[in-house]
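Hi,

Here is the structure I promised to pass on to you. Have a look at it first, and then read on for what I found.

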Amino acid sequence: MKVTSARQLSHLLQDQRKKQGQSQSVVARKVGLRQDTVSKFENAPDGSRLDTLFKLLAALDLELEICPRGEALSTTTQWKEEW
């Protein structure tokens, strides 16, 4: 899915959380956040910190991939390093 705004990203993560049947509290506890931080990210992501985004991605077992506009990510090209 192509994401071009903070609002789209927050809705995508919220949808994934709900598909996984996880509450905001459960997701928050997994990565040491408060429930209200997850809520703020989902409802007003513009002021969110990048580390909050990456913590939420980790809690939901998701990853972020970046590619030039108009190009699809190759399934054969994968990052070899773990952070």
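**The largest pocket and helix α1**

A word before the details: this is a predicted model. By class, 14 nonpolar, three polar and five charged residues make up the lining of the largest pocket. The space in that pocket comes to about 790 Å³. It is lined by 22 residues, and those closest to its centre are M1, K2, V3, L64 and E65.

Which helices help to build the lining? Both α1 (6–19) and α4 (50–59) supply at least two residues each. The most comes from α1, which gives four residues to the lining of the largest pocket.

That makes α1 a good helix to look at next. With 14 residues at 1.5 Å a residue, α1 should span 20 Å, and its end C-alpha atoms are indeed 20 Å apart, so the two values agree.

As for its two sides, the buried residues of α1 are L9, S10, L13, Q14 and R17. Looking down the axis of α1, you will find these buried residues within an arc of 135 degrees, so they line one face of the helix. Among what covers the buried residues of α1 are α2 (24–30), α3 (35–43) and α4. So α4 turns up in two places: it supplies residues to the pocket lining, and it helps to cover the buried residues of α1. On the face of α1 turned away from the buried side sit the exposed residues K18 and K19.

One last detail to check on your screen: just after α1, G21 takes a positive phi of about 70 degrees.

Best wishes

Note on methods:
Residues numbered from 1 in each chain as written. Predicted model: local features only at pLDDT ≥ 70, side-chain atom pairs only at ≥ 80, totals over all residues. Heavy atoms only, no water. 1 Å grid on protein atoms, 1.4 Å probe; cavity = no way out; pocket = protein on both sides within 12 Å on 5 of 7 lines; lining within 4 Å. Points joined across faces, edges and corners; volume = space filled by probe spheres on them. Nonpolar A, V, L, I, M, F, W, Y, C, P; charged D, E, K, R; others polar. Expected span 1.5 Å × (residues − 1). Buried < 20%, exposed > 50% of the residue type's maximum accessible area, 1.4 Å probe, protein only. Arc of directions from axis to C-beta. Contact = heavy atoms within 4.5 Å.
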